[in-house]
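User: Could you take a close look at one spot in this structure for me, and then work outwards to the parts you find worth seeing? Keep it informal, please; I'll follow along with the model open.

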Amino acid sequence: MGPTVQTLDRAPRVETFRQDVLAGLERQPKELPCKYFYDARGSHLFEQICELEEYYPTRTELSIMDRSVEAMAESLGPRCLVVEFGSGTGRKTEQLLAALEEPLVYVPVDISVTPLEQSAARLTGRFPSLDVLPVCADYTQDWELPEAPTTVARRVVFFPGSTIGNFDRQYAVAFLRRVRELVGSGGALLIGVDLKKDVALLERAYNDSQGVTAAFNLNLLRRINRELDGDFDLRAFRHRAVYNETEGRVEMYLVSLLEQTVRVSGAEVSFSQGEAIYTEHSYKYDLTEFDEMAVHAGFQVERTWIDPEKLFSVQLLTATAPAWQ
């Protein structure tokens, strides 16, 4: 068993989950927040997705970090406080922490407590001089940063993966501004940004041949059944993912296969045959688009690392004077 770590619990409560689900199912078109994918089973399924041949983002980002993590660490400098959003199992984090010069504090923030505590314990064992302060929270909402037990030279947010693509463009800028406020002047954001590419490659990544992404999507209905007294029949819905070229994003849906009525927490929700629940989108960017977003949020893109096939990027953003002031 790994070392014991104290988790600050700010996870969304069941009532918040209920309100968000019922409000989303009342909308037209129906939608469910993708942050609720990540219960224990959903987190495990996502880790399986990351290992799939069709799902290029994880292995591509890892290959970028394999080649360039020392340069990333040198750019970030010594004695950092590192905050990671959506930390999951922390594989990429371990690479970064090992390369950094004397990292002092690591604050992983994740909505799913099980992988959060497991990775925090593992990293505490790997880096005994590092203060690991896990926070179970929805990082898109208000939460408190634990007080650092020592003086740090720089605050850094690490946001790997392509999660920034799950936000609408306007909200993505607002989110980056919040990160800018968190790190302060001179602080930094090391972020993974998925790039625009061939449509067939994109759609294969979200419609894998083994059906793991479908199981991940449908697990959201399973969670609603378990936690909100729902009676979704998972066999009556199918997963669909398509690339919307106009919006520049992959869109994921759960499509009703028949006309049906579902109950959730005593409320009835009607579906027509072919009606879809919108569960997630993932924007893809070119470098100019993301640079413009960063500037609007008070950041400057200092360095960018890209794989040889130009599928994915890891970008270092430095906090400047906020552009909106």
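Analyst: Start at Ala99, which you'll find in helix H4, residues 91-99. Keep in mind that this is a predicted model. Is Ala99 buried, exposed or something in between? Its relative accessible area is 26%, and since buried means under 20% and exposed means over 50%, Ala99 counts as partly exposed. Setting aside neighbours within four places in sequence, Ala99 touches Val69 and Ala73. Glu70 belongs in the picture too: its C-alpha atom lies 5.7 Å from that of Ala99, although 29 residues of chain separate the two.

Now follow the chain to helix H2. Gly42, Ser43, Leu45, Ile49 and Cys50 are its buried residues. Looking down the helix axis, you'd see these buried residues within an arc of 160°, so they line one face of H2. The cover over them includes helix H3 (56-76), helix H5 (113-126) and H8.

That brings us to H8, which deserves a longer stop. This helix runs over residues 212-227, and at 1.5 Å a residue its 16 residues should span 22 Å; the end C-alpha atoms are indeed 22 Å apart, so expectation and model agree. Still, H8 has a kink of about 30° centred on Leu218. Leu218 is also one of the buried residues of H8, among them Phe216, Asn217, Leu220, Leu221, Arg223 and Ile224. Just past the helix, Asp229 adopts a positive phi of about 55°.

What is H8 packed into? The largest nonpolar core holds 37 residues, and Leu221, Ile224, Phe232, Phe237 and Ile277 have the most contacts inside it. Elements giving two or more residues to this core include helix H1 (14-26), H2, helix H7 (199-205), H8 and strand S9 (237-244). The biggest share comes from H8, with six residues. Zoom in on Ile224 for a feel of the packing: leaving out residues up to four places away in sequence, Ile224 touches Phe17, Val21, Leu32, Asp229, Gly230, Phe232 and Val264. There is also a second, separate core, made of 35 residues, including Phe85, Tyr139, Phe167 and Ala294.

Next, the strands. S9 belongs to an open sheet of four strands, ordered S2-S13-S10-S9, with mixed pairing. S9 and strand S2 (30-31) are its edges, each pairing on one side only. Between S9 and S10 there are eight bridges, and the two strands run antiparallel; in that ladder, Asn244 faces Arg249 of S10.

Strand S7, residues 154-159, is another one to check. Five of its six residues are buried, so S7 is mostly covered. On the S3 side (residues 80-85), five bridges join the two strands in parallel, and Cys80 has Arg154 of S7 as a bridge partner. S7 also pairs with strand S8 (residues 188-194), again in the parallel sense, this time over four bridges; there, Val156 is matched with Ala188 of S8.

If you'd like one place to come back to, I'd pick H8: it helps cover the buried residues of H2, and it gives the most residues to the largest nonpolar core.

Notes: Residues are numbered from 1 along each chain as its sequence is written. This is a predicted model: local features need pLDDT of at least 70, side-chain atom pairs count only at pLDDT 80 or more; totals for chains, interfaces and linings use all residues. Side-chain values use heavy atoms; hydrogens and water are left out. The expected span of a helix is 1.5 Å times one less than its number of residues. The bend at a residue is the angle between axes fitted to the seven residues ending there and the seven starting there. Buried means under 20% relative accessible area, exposed over 50%, partly exposed in between (1.4 Å probe, protein chains only). A nonpolar core is a set of buried Ala, Val, Leu, Ile, Met, Phe, Trp, Tyr and Cys residues joined through side-chain atoms within 4.5 Å. Contact means heavy atoms within 4.5 Å. The arc is that of the directions from the helix axis to the C-beta atoms. Two strands pair if DSSP finds at least two bridges between them.
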